[in-house]
Structures are given as structure tokens and as C-alpha cells.
Amino acid sequence: MKKIVLTGGGTAGHVTPNIALIPGLISRGYEVSYVGSLNGIEKKLIEDIGIPYYGVSSGKLRRYLDVKNLSDPFRVIKGIGDSKKILRKLDPDIVFSKGGYVAVPVVMAARSRKIPIIIHESDMTPGLANRMCFSSATKICCNFPETLETLPEGKAIYTGSPIRAELMKGDAARAKAFCGFTDDKPVILSIGGSLGAVAINDCLRSIVPDLLKEFNIIHLCGKGNLDRSLNAFQGYVQYEYISKELPDLFALADIVISRAGANAICEIAALAKPNLLIPLPAEASRGDQILNAKSFERQGFSMILNQGDMTRQTLKDAIHKLFETKDQYITAMKAARQTDAVTTILDLIDKYRKQR
């Protein structure tokens, strides 16, 4: 039996590409295990699909002053110890890391055991956790061609982002029944990411009564962000997080509002859904979402509204303009050369597994 350990977590974006690989790994004869944080979102997502899950201690990697910066390095050290014990028990042939802070101790432990490591970087510019792991990597996959220039020479390969096959199998009629929509208005799907996006949530909700004159709205608002005062509006539904029904909701959506996390926007592009991207602002991040969004805008895949420019009026105007010009975005996305990232990465895993 070939054995692989997948790792990555902190947000759904660090987990869903791993999930996209799992059916192919199983079909190629791999025994798949997952190592993540003790209580992160990855734990539930992986356990829900029946993959053995192992939790390790992890510390967040911050670029700003915080008292937890004093204690978290010790959590990382403990996580390396935890990971070594798990890898000794599982004895995998290879480790595939999707990044996030929990991946750091797993990659360090794999390196100490001389296990080949393949890393995937989704964003235009590498995140801190992945950068810390590059020296340990056998191969580094990336999502944007532009990223190749920022990666260690000889290790980098452009693969694109693994897309979950089930996303392509959505049923719009099933989604319409699930949401309880009774008319044929076009549908807006707003996605703030697995943790939600408070600024987008608040601005969108402020114009719900106006939008409902022309659209139905599906609002994925993030854990703890439901606003039950809006439940009385016919044509507006809200959910903290959706997993199983997401392909159906995408199939029903005419336009999508989203943050600009790399995995999310690659899934949107693969589905050819006209989209309005509202990237996380630079002051609240390292600016990766802004770069991701600009790349998609240049390719004609997306419209951008910067959060600093977002008001009730600008959001409403952008939604109407996107809907009116949606066909040009669909054409651009369908004409783009789509990489078969799943097969490319599975082939890499097969190749480097044999080098152990």
C-alpha cells in the first residue's frame, strides 16, 4: 500500500485543494491520512469525508506584535514533536502540504525523517508559512505563472489549483428547492470565505431590500455571522457555511460576490461564473488577495471593487454592471486554457514518492 499524509489548515482554502486530490489518490492505490490542527476547520471537513485525521499542536505565524508571539513558538516546537510521532506511526511515502501555519511542524517533521515533501502555493506571492517550508520541499507547485519567479529555482512548477470534481456536478433545480426560491429571478451568490467577511456582509445586507426587486440572494456569511432580522425577506437566504450543497448553489448562481482567496477564485473561474471580487485590504493582510484579484481582472475573468471604495451605492452599481456585462466574463473564462492541476499533482506525487 502506498501511503501519503496531507496537511494544511487554518481556512477552508488550505483544505479544499487537498480534498480535490483525495479521490484520485485513492484510485491510484494510496492510503490517505491527514494531519491538521487540533480544532481547526480542517478537522471537520476531513472527518466528514471519512479520512483518518490526526491533530497536532500549532502556533500562528504573525507579522505583528502580539503577546501570543511569545508562546506560539513553543506550540510549534510541540507540534513538531507531535508530528514526528504521527509520521513514525504512519510511515508515509510522501507528504503533500497545502500551507497554513499548521503545515509548518508537519513539514519540519517530514524533513527530519527524509520523507519527500511537495508543497502547493495558491497565492500570487508565497505566504509566510510556505516560505518557511520551501527549503524542506522536494517540489513546489504554484497557482499563477507569475509566482514561478518568486520560488526557488529548480523546485518550482506551475500546476494551477486542484478543483474538486463535485463542483462541476451541481444541480440548479435542487439548489432552488433547497433555498426555497419560488420565482425565476437571477441569483446573486455572496461568499465571504469560511470565516466570513464582516465588511461585505454588512454592506450587502444594507442593500438587500433594493436588490431583491431584481435578484434572489444566497449569502454565505461565515460562522457566527447570521442576521436573523433578515429572515423575513422573501428571496434572501443566509447560511454560515455550506459544504455538500455548494455545487448546487454555484449551478444556480448567475453572478458571484467573493473575497479573492486564490482557491476560491480558481473554482469560480473553472465554473465560468461572472464575479465581483472584493479583496481583503492590504492593511488587514499581506496584500495577496489584491494581487490575485488584479491577475484575474487582467485576464478578463473578474470585476474588482476595493473594500476601501465599497459603499452601499458602489456595491449596488458594481452588481448591476457585472450582471449587465456577465457574458463577456463568461466568454473570457471559457476561452482560457484550464490546467488539469489534479492529474499534474498526482503524477508529481507518484514520481517523488518513489525517491524515498
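Guide: Let's start with a term we need straight away: a crossing is right-handed if the near helix is turned clockwise from the far one by less than a right angle, and left-handed if it is turned anticlockwise. Please keep in mind that the model we are looking at is predicted.

Visitor: Thanks! Which handedness does the crossing of helix 1 with helix 14 have?

Guide: Helix 1 passes helix 14 in a right-handed crossing. To find the pair, look at residues 16-27 for helix 1 and residues 341-353 for helix 14.

Visitor: At roughly what angle do the axes of these two helices cross?

Guide: They cross at roughly 60°, and the axes come within 10 Å. That angle makes helix 1 oblique to helix 14.

Visitor: Which residues in helix 1 and helix 14 meet?

Guide: From helix 1 come A20, L21, G24 and L25, and they meet V342, I345, L346 and I349 of helix 14. Sorted by class, this contact has seven nonpolar residues, one polar residue and no charged ones.

Visitor: How should I read a nonpolar core?

Guide: The general idea is that nonpolar side chains tend to be buried together in soluble globular proteins. Here, the largest nonpolar core has 59 residues. Helix 10, residues 262-270, gives the largest share of this core, with five residues.

Visitor: Which residues have the most contacts inside the largest core?

Guide: Those are I218, L220, F250, L276, L315 and I319. Take L276 as a case to explore: leaving aside neighbours within four places in sequence, L276 is in contact with V256, I257, S258, M303, I304, L305, L315, A318, I319 and L322. There is also a second, separate core of 25 residues, which includes L21, Y34, F96 and I345. You have met L21 and I345 already, where helix 1 and helix 14 meet.

Visitor: I345 caught my eye. Which residues is C141 in contact with, leaving aside its neighbours within four places in sequence?

Guide: I345 is one of them, together with I118, I119, H120, E121, I157, T159 and L348. C141 itself lies in strand 6, residues 139-142.

Visitor: Is C141 buried or exposed?

Guide: A residue counts as buried under 20% relative accessible area. C141 is at 0%, so it counts as buried. For a sense of distance, the C-alpha atoms of C141 and S190 are separated by 29 Å, with their places 49 residues apart along the chain.

Visitor: What about backbone angles? How do I read the sign of phi?

Guide: As a general rule, most residues other than glycine have a negative phi. In this structure, D91 has a positive phi, near 50°. K114 also has a positive value, near 60°.

Visitor: Where are D91 and K114 found?

Guide: D91 is in the loop between helix 3 (72-90) and strand 4 (94-97). K114 sits in the loop between helix 4 (103-112) and strand 5 (117-121). With a relative accessibility of 36%, D91 counts as partly exposed, whereas K114 is exposed, at 70%.

Visitor: Now for residues separated along the chain. How far apart in space are the C-alpha atoms of P247 and M168?

Guide: They are separated by 6.8 Å, although the two are 79 residues apart along the chain. P247 is found in helix 9 and is buried, with a relative accessible area of 10%. Not counting residues up to four places away in sequence, P247 touches E166, L167, G170 and D171.

Visitor: And which residues does D248 contact, with its sequence neighbours within four places left aside?

Guide: K169, G170, D171, A172, R174 and A175. D248 belongs to helix 9, residues 246-252, and counts as buried at 9% relative accessibility.

Visitor: Could you show me loop residues in the same way? Where is G10?

Guide: G10 is in the loop between strand 1 (2-7) and helix 1. G10 is partly exposed, at 24%. Its C-alpha atom is 5.9 Å from that of G100, 90 residues away along the chain. G10 also touches I41, E42 and Y101, not counting residues up to four places away in sequence.

Visitor: One last residue: where does P52 lie?

Guide: P52 lies in the loop between helix 2 (41-47) and strand 3 (53-56), and at 40% relative accessibility it counts as partly exposed. Beyond its neighbours within four places in sequence, P52 is in contact with V32, S33 and Y34. Of these, S33 is 19 residues from P52 in sequence and 5.2 Å away in space, C-alpha to C-alpha. Y34 is familiar too, as a member of the second core.

Conventions
Residues numbered from 1 in each chain as written. Predicted model: local features only at pLDDT ≥ 70, side-chain atom pairs only at ≥ 80, totals over all residues. Heavy atoms only, no water. Axes fitted to C-alpha atoms, helices over the stretch in contact; angles between N-to-C directions. Helix = DSSP H or I, 4+ residues; strand = E, 2+ residues; numbered from the N terminus. Parallel < 35°, antiparallel > 145°, perpendicular 65-115°, else oblique. Contact = heavy atoms within 4.5 Å. Nonpolar A, V, L, I, M, F, W, Y, C, P; charged D, E, K, R; others polar. Core = buried A, V, L, I, M, F, W, Y, C linked by side-chain atoms within 4.5 Å. Buried < 20%, exposed > 50% of the residue type's maximum accessible area, 1.4 Å probe, protein only.
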